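Me: I am new to this structure and would like to go through it in questions and answers. Please keep each reply short and end it on what was asked for.

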Amino acid sequence: MKVALFATCIGDVMFPQAPQATVHLLERLGCEVVFPEDQACCGQMHVNTGYYPEALPIIRNHINAFRPVLDGEWDAIIAPSGSCVGSLRHQAAMVAEDQGDMTLSREAAKLAERTFDLPELLVNEMGLTDVGAYFPHRVTYHTTCHSLRVAREGDAPLRLLQAVDGIDYVPLPDADICCGFGGTFSLKNPETSASMLSDKMANILSTDAEVLVSGDYSCIMSIAGGLQRIRAGIRSMHLAEVLAGTEEHPWNAPATTTKVGV
């Protein structure tokens, strides 16, 4: 399978360990991974804030960057983010149609059919749950809102996590409840966001987990910040980082990446 990596803004700028681990994992599983250098933002921040005209050229750039998927040269687009995948799947075509570009809307809809978050690609497209990963730690998993309600990945992330050799997986109470980040929601409603984060952290602490795992570094960033402030001693990692390593070859993020958690 030839897969094009969409690194996402937050992955590119702040947390490159997620796209790096995604590439490492997919290549270990026999995929050929390409990286279109013209990629940028998916436009989600603009769309969610109501800036449809400003989002249109961003969406157009994305489609042009990943056009070989439309032409059949590449098989799929992979992004380590249910949030960005959800936006591309449900917003891009809608915005293009709203702005009167029907050709772009049709291309966006077609591209969305071959755009996947990592758990979807592994479980639904490649038929894998056990990817040969090894991670001997006590782990709990936060299910992000967009992966659950927009991308609709179901239990694919948990199936992958539970198949990891050596892992001690502990279910997170109220795992399907928002962590309070929500992008600009946390800026516009800081008191509500902080209260939701406090509830999420209490649930995480109740598991006695060593590591909090999730599928979006935006949510991880918010939760990890809260855990650091109370000195919880819990590391935070992207699912791709947990799945990337094997017992013989553990995954170690490059030294230049941003550390999250302690």
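Me: Is Glu97 buried, partly exposed or exposed?
Reply: This is a predicted model, and Glu97 is found in helix H7, residues 92-98. Buried means under 20% relative accessible area and exposed means over 50%. Glu97 has a relative accessibility of 47%, so it counts as partly exposed.

Me: Which residues does Glu97 touch, not counting those up to four places away in sequence?
Reply: Ala108 is 11 residues from Glu97 along the chain, and their C-alpha atoms are separated by 9.9 Å. Contact requires heavy atoms within 4.5 Å. With residues up to four places away left out, Glu97 touches Met102 and Ser105.

Me: What lines the largest cavity, by class of residue?
Reply: The whole structure holds 2 cavities of 30 Å³ or more, and the largest has about 60 Å³ of space. Its lining includes Ala108, along with Ile59, His62 and Leu88 among others. Helix H4 (52-65) and helix H8 (102-112) are the elements that give two or more residues to this lining. By class, the lining of the largest cavity divides into 7 nonpolar, 2 polar and no charged residues.

Me: Which elements give two or more residues to the lining of the second largest cavity?
Reply: About 30 Å³ of space lies in the second largest cavity. Ala7, Thr8, Ile10, Gly11, Ala18, Pro19, Pro80 and Tyr217 line the second largest cavity. The elements that give two or more residues to that lining are H1 and H2.

Me: In the open sheet with the order E2-E1-E3-E4, which are the edge strands?
Reply: This open sheet has 4 strands with parallel pairing, in the order E2-E1-E3-E4. An edge strand here pairs on one side only. That description fits strand E2 (32-34) and strand E4 (115-117).

Me: What is the bridge partner of Val3 in E2?
Reply: Strand E1, residues 2-5, pairs with E2 in the parallel sense. The pairing runs over 3 bridges. In E2, the partner of Val3 is Val33.

Me: What angle does the direction of helix H2 make with that of E1?
Reply: Helix H2, residues 17-28, packs on the sheet. It touches E1, E2 and strand E3 (76-79). The direction of H2 and that of E1 make an angle of about 175°.

Me: Why is helix H9 described as largely enclosed?
Reply: H9 packs on the sheet as well, touching E1, E3 and E4, and its direction makes about 100° with that of E4. Its buried residues are Leu118, Pro119, Glu120, Leu121, Leu122 and Val123. H9 is largely enclosed by the rest of the structure because the buried share of its residues is 6 of the 8.

Me: Which residue with a positive phi follows H9?
Reply: The phi in question is near 70°. The residue that follows H9 with this value is Gly127.

Me: In the sheet with the order E6-E5-E7-E8, which strands stand at the edges?
Reply: This is an open sheet of 4 strands with parallel pairing. A strand at the edge has a single partner strand, so one side of it is left without a neighbour in the sheet. The two strands placed this way are strand E6 (168-169) and strand E8 (235-238).

Me: Which residue in E7 stands opposite Thr140?
Reply: Strand E5 (residues 138-142) and strand E7 (residues 211-214) run parallel and are joined by 4 bridges. Opposite Thr140, in E7, stands Leu212.

Me: Is Ser222 buried or exposed?
Reply: Ser222 is found in helix H14, residues 217-229, and H14 lies across E5, E7 and E8. Ser222 touches Phe181 and Leu197, leaving out residues up to four places away in sequence. With buried set at under 20%, the relative accessible area of 15% makes Ser222 buried.

Me: Which element gives the most to the lining of the largest pocket?
Reply: The largest pocket has about 770 Å³ of space. Among its 32 lining residues, those closest to its centre are Gln44, Ser83, Phe181, Gly183 and Ser218. The lining divides into 18 nonpolar, 13 polar and 1 charged. With 4 residues, the element that gives the most to this lining is H14.

Definitions and conventions:
Residues are numbered from 1 along each chain as its sequence is written. This is a predicted model: local features need pLDDT of at least 70, side-chain atom pairs count only at pLDDT 80 or more; totals for chains, interfaces and linings use all residues. Side-chain values use heavy atoms; hydrogens and water are left out. Buried means under 20% relative accessible area, exposed over 50%, partly exposed in between (1.4 Å probe, protein chains only). On a 1 Å grid over the protein atoms alone, a cavity is a set of points where a 1.4 Å probe fits but cannot get out, and a pocket is an open set with protein on both sides within 12 Å along at least five of seven lines; lining residues have an atom within 4 Å of a point. Grid points are joined across faces, edges and corners, and a volume is the space filled by probe spheres set on the points. Ala, Val, Leu, Ile, Met, Phe, Trp, Tyr, Cys and Pro count as nonpolar, Asp, Glu, Lys and Arg as charged, and the others, Gly among them, as polar. Two strands pair if DSSP finds at least two bridges between them. Axes are lines fitted to C-alpha atoms, for helices over the stretch in contact, and angles run from 0 to 180 degrees between N-to-C directions.
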